[in-house]
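Subject: Structure for your review

Dear colleague,

Please find below the structure that I am handing over to you. My findings follow after it, arranged by region.

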Amino acid sequence: MNDVSDLYTQARTWVGKQATRPTTARDPVNVPMVRRWCEAMGETNPIFVDADAARAEGFAAPVSPPAMMEVWTMAQYRPGGRLKDDSIPVLELFDNAGYTGVVATNIEQEYDRYLVEGDTVSFTAVVDDVSEEKRTGLGIGHFVTIRYEFTDQNGEPVGRMLFRVLKFKPNLAQAPAPAVADDAAKPAFPHPRPAITHDNAFYWEGIARRELLIQKCSGCGELRHPPGPACPHCHSLEWDTVKASGKATLYSHVVMHQPRLPTFDYPLPVLLVELEEGVRMVANGIDLPADKLAIGMKLDLDFIEIEPGYLLPAFRPSR
Ligand code: ZN
């Protein structure tokens, strides 16, 4: 019902206005929640969970990891989506116009002080910017930036966050549902391409020859993947490669249902594979529907030819 310029004009009227209702954390900063967050993140600094360690650093009580600032005010999880009160109308405007895809593109946070056990965090949120329509790898869309200001129980600022999302129109929205679509009915849309750089060119050149190459540090001998310029163990910049045998096991997996991007079939299993050589990589499966995935199963390397000359490594059940 909106044409594109109307949508943009309407969305721009939100700039400078409240993006969602001001929100106060449901719980004060507390050690049990911090401990679970630290465990999930692999954070081991004791000042976040241990009163003595915090006091030794000059704090009155355990402090919250700065990156948890927003966590305290997150909306309650609801299987059906956000409560009406927690909605962000400028984003709903795009949803209603068919721009139903969303991907977070930037999060910038600033902290004024550590939050301490017992602090209660609140935020206000203002729409900072709405971009003109952009053509992106995911589809056409608009970048929406929201500025959050966080305060403590006395109304004093404790930090702020700039949160930018891309609201895009998934190209499959106009195509038949994947379950009934044959290949010919798929929209012409290029498969996403890897960003090939000086550091990973060897890897993609190997894949094009149907060889999976693993980077090997010349300093300490450690294997690593994905490719990078320096060894994370000894920081050496010297490296060579070894060719993977192709024998692997399924270490973990997820099954993607949303968002539905063009050129992929859903539900889409995404595998985390542990190669016999010991490194892990993310890859697609072949002949591996979601109900056949079993952690620990033996896998063999193969290659999928996306287009002539463009191959991706993939894994199939071992025979
Ligand atoms: Zn090394």
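Is serine 87 buried or exposed? The model is a predicted one, and in it serine 87 has a relative accessible area of 11%. Because the cut-off for buried is under 20%, serine 87 counts as buried. The residue sits in a loop, between strand S2 (63–64) and helix H4 (89–96). Alanine 75 is twelve residues away from serine 87 along the chain, and the two C-alpha atoms are separated by 9.7 Å.

The chain as a whole

The protein chain has 319 residues, of which 35% are buried. Its secondary structure consists of five helices and 16 strands. The C-alpha trace spans about 65 × 60 × 40 Å along its principal axes. If one takes the contacts between residues at least 6 apart in sequence, 63% of them join residues at least 24 apart.

Valine 29 and its surroundings

A second loop residue that I would draw to your attention is valine 29, which is placed between strand S1 (18–24) and helix H2 (31–41). With a relative accessible area of 4%, valine 29 is buried, since that value falls under the 20% cut-off. Leaving aside residues up to four places away in sequence, valine 29 touches Ser64, Trp72, Leu115, Val116, Glu117, Gly118, Asp119 and Val121. One of these contacts, aspartate 119, is 90 residues from valine 29 in sequence, yet their C-alpha atoms are 5.4 Å apart in space.

Cavities

Two cavities of 30 Å³ or more are found when the whole structure is searched. The second largest cavity holds about 50 Å³ of space. Its lining is formed by Ser64, Pro65, Pro66, Met69, Tyr111, Arg113, Tyr114, Leu115 and Val158. By class, seven of these residues are nonpolar, one is polar and one is charged. Two residues of this lining, Ser64 and Leu115, are also among the contacts of valine 29.

Helix H5 and the sheet it crosses

Strands S10, S9 and S11 form an open sheet in that order, with antiparallel pairing. Its edge strands, strand S10 (223–224) and strand S11 (239–243), each pair on one side only. Strand S9 (residues 213–217) is joined to S11 by five bridges in the antiparallel sense, and isoleucine 214 stands opposite valine 242 in S11.

Helix H5 (residues 201–208) lies across S9 and S11, and the helix runs at about 145 degrees to S9. Six of the eight residues of H5 are buried, so that the helix is mostly covered, buried being under 20% relative accessible area. These buried residues are Ala201, Phe202, Tyr203, Trp204, Gly206 and Ile207. Their cover includes S9 and S11, together with S14, S15 and strand S16 (310–317). After H5 comes arginine 210, which has a positive phi, near 60 degrees.

Strand S12 and its two partners

Strand S12 (residues 247–256) pairs with S13 in the antiparallel sense over eight bridges. Within this pairing, alanine 248 has leucine 275 of S13 as its bridge partner. S12 also pairs with S15, again in the antiparallel sense, over three bridges. There, lysine 247 stands opposite aspartate 300 in S15.

The second largest pocket

Strands S13 and S15 appear once more in the lining of the second largest pocket, where strand S13 (268–275), strand S14 (280–285) and strand S15 (298–307) each supply at least two residues. S15 gives the largest share, three residues. The volume of this pocket is about 420 Å³. There are 14 lining residues, and those closest to the centre of the pocket are Thr263, Phe264, Asp265, Leu268 and Ile304. The lining divides by class into seven nonpolar, four polar and three charged residues.

S14 and S15 therefore have two places in this account, as the cut-off of 4.5 Å for contact puts them in the cover of the buried residues of H5, and each of them also supplies at least two residues of the pocket lining.

With kind regards

Terms used
Residues are numbered from 1 along each chain as its sequence is written. This is a predicted model: local features need pLDDT of at least 70, side-chain atom pairs count only at pLDDT 80 or more; totals for chains, interfaces and linings use all residues. Side-chain values use heavy atoms; hydrogens and water are left out. Helices (H or I, at least four residues) and strands (E, at least two) are DSSP runs, numbered from the N terminus. Buried means under 20% relative accessible area, exposed over 50%, partly exposed in between (1.4 Å probe, protein chains only). Two strands pair if DSSP finds at least two bridges between them. Axes are lines fitted to C-alpha atoms, for helices over the stretch in contact, and angles run from 0 to 180 degrees between N-to-C directions. On a 1 Å grid over the protein atoms alone, a cavity is a set of points where a 1.4 Å probe fits but cannot get out, and a pocket is an open set with protein on both sides within 12 Å along at least five of seven lines; lining residues have an atom within 4 Å of a point. Grid points are joined across faces, edges and corners, and a volume is the space filled by probe spheres set on the points. Ala, Val, Leu, Ile, Met, Phe, Trp, Tyr, Cys and Pro count as nonpolar, Asp, Glu, Lys and Arg as charged, and the others, Gly among them, as polar.
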